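Good morning, colleagues. Today I should like to take you through one part of a structure, strand by strand, and then turn to its cysteines. Please keep the display in view as I speak.

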Amino acid sequence: MDNFRNQSFPLKTEEDWKTKAKESLKGKSIETLKSSTYEKIILKPLYSQRDAQKAPDYPGGSDFRRGINPLGYVTNDWKIAQRISYQSVDELKEKLHGSIEKGQTALSFEISEVLFESEEMIYDILGDLPSRFPFAINGRGMHSALLTALTKRETSANQVSGYVGSDPFSLFVEEGFIVEEFFKGWMDDIKLANEKLPKLRTVLINTSTYHQGGANAVQELGIAAAAGTFYLQSLVDRGMKLEDVLGKMIFQFSIGSNFFMELSKLRAARILWNKITQVYGAEPKERVMHITAETSSFTKTVYDPYVNLLRAGNEGFAAVVGGVQYLHITPFDDITGSSPLSERIARNTQNILKEEAYLQKVVDPAGGSWYVEALTKELAEKAWQYFQMIEANGGLLEVLKSGWLQDEIASVQTKREQDVFTRKQSIVGTNVYANLAEVADQAKAQTFDHQLSVGLTNTIKIRKIQQARLSEPFEKLRRISEEIESKLGSKPQIGMICLGELKYYKPRLDFMRGFAAAGGIEAVDSGSITSLESAKQFILRQDTKYFCLCGSNDQYESFGHEILSTLNREFPDLTFYLAGLPEKDLHAKWASEGIKQFIHIKSNCYEILSTILTEMEVALDERTKA
């Protein structure tokens, strides 16, 4: 037993790892293992101590990258702030009190005009909850009305905590216009709340709007720094003390699907804010950044919605490890309208992270990871440079007016879409592993009840940052497919002309089935085709004009050319594709024989399927008119 205990593994160097890696790669360079992110950060396959800046010894000190409390969630647990949706005041009251009994630890709900129909309405809904639980509310354009209501009960105002904030910049880019006059009223509300509601944070910096438009982590961080600095300077100029302004601020982030990037984003955010507030001369205890987070809607899908459970769980995990103070996990069917089941699962996901994953008992579990520390450092450096670019262009207000920021974000969103279109970026249940039998509900329309322009003049029109989801283009294709199916009585189809024995064509047939299913198109296979006559008979049995040759390269060369040439002559109205990518010198030959396009792993799946479905729609409309 003693000999066993004294055993140890021999030390290995980075060169030893490289040697083994080269053997595994079979001649490929180790450089092929590196990958680039949307933030233009090069990720390495292996990180060492040399890559990571030494992290602070404990959270709650230095630059706060490891968190704002020395014992993390052990002494200051994150708040479960599930945002409650409702159709009536009675429903809100019932759901709010019910969720508190089932584990919710913050008062979070959507804001609507119905809450302010009478002075006592909000108090009737809340009861004594504000004295026991903190708020977690983005007041949007009704921020002022809610703050006014909360200040009217002076006996309980000192007990109100948490945050009820709004971010004018976020509202501007959603609405598509800037109302500079709005800032004045907004700042007056902040000053009044500072006097009447001393424990309540009211200045929200909401980067979720930019995230939903496709912004990368560096852009989100740079915008957060720019917006935070603008509000800080503006309120100080209006006569508020620096420490009072900092005590009113809270930052909101959406958490995407890239686990390590997202948790590092939150750590880098605290580094940036510490650096900015240090320049302002703030004391260390005033430089902490309070963060509220929500799992991203950008990554969620209408089809195969149960996969959203996995996405939200992963994103919630990243948020907690990143060190948030408030967290909302999106219900899996939120896009089409959440249900009691999905709301319960979302809330209980947080309870599981606390009670079963024990994340409330481990202080900064990511701290010291060479990869995480290196990624945090690089994100912070790039975000600082981006913040400086915004400031060099006149600040956040000016870059929104000029459209510079919208262009920057649109550029990243275009890259994201292209990766989804070519399936370089997989969305399970949407562009890969789509279920043809599934019929999904319609996504609910986005509504913004901001009231920004009520009673205000001198608006400046700007380009909106459209709130999007990555899966939307493919979901639109599925809707077109469903419409065609309702008219035809069967799903749109593409016929697969399978050459040779099963073992030759099955790999590409499976690929084509998955490829076509992403657009709601059924790939109907012919079975083994070994002669021209059997290919003709298969075509004649199908009610489609779209066919794809499917087989191995050897089958293509042995009799694929002959079959295709004849089919193209005898059926000139049909469209033929080829599964796979032949050698380049054969492209012209295949095209001359009738192949419209090669479909392979790097093809633009969205573009090809969109073309097929659009042509099907037109042909169907013409047939109906005739």
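Let me begin with a pairing: Cys-548 has Tyr-577, in strand 15, as its bridge partner. The model before you is a predicted one. The pairing belongs to strand 14, residues 546-550, which runs parallel to strand 15 and is joined to it by four bridges. Between these two strands the chain passes through helix 21, residues 553-570, in a right-handed β-α-β crossover.

On the other pairing, strand 15 is joined by four bridges to strand 16, residues 595-599, and these two also run parallel. Here Ala-579 stands opposite Ile-599 of strand 16. The chain travels from strand 15 to strand 16 by way of helix 22, residues 587-593, and this β-α-β crossover is right-handed.

How many residues of strand 15 are buried? Strand 15 covers residues 575-579, and five of its five residues are buried. In a regular strand, side chains alternate between the two faces of the sheet. Thr-575, Tyr-577 and Ala-579 lie on one side of strand 15, Phe-576 and Leu-578 on the other, and both faces are covered.

I turn now to the cysteines. A disulfide requires two cysteine sulfur atoms within 2.5 Å. The closest cysteine sulfur to that of Cys-548 belongs to Cys-550 and is 6.2 Å away, so it is too far for a bond. For Cys-605, the closest is the sulfur of Cys-548, at 12 Å, which is also too far for a bond. By this rule, the count is zero disulfides. Cys-548 is buried, at 0% relative accessibility, and Cys-605 is likewise buried at 0%.

Terms used
Residues are numbered from 1 along each chain as its sequence is written. This is a predicted model: local features need pLDDT of at least 70, side-chain atom pairs count only at pLDDT 80 or more; totals for chains, interfaces and linings use all residues. Side-chain values use heavy atoms; hydrogens and water are left out. Buried means under 20% relative accessible area, exposed over 50%, partly exposed in between (1.4 Å probe, protein chains only). Two strands pair if DSSP finds at least two bridges between them. A crossover is right-handed if, with the strands pointing away from the viewer, the path from the first strand over the helix to the second runs clockwise.
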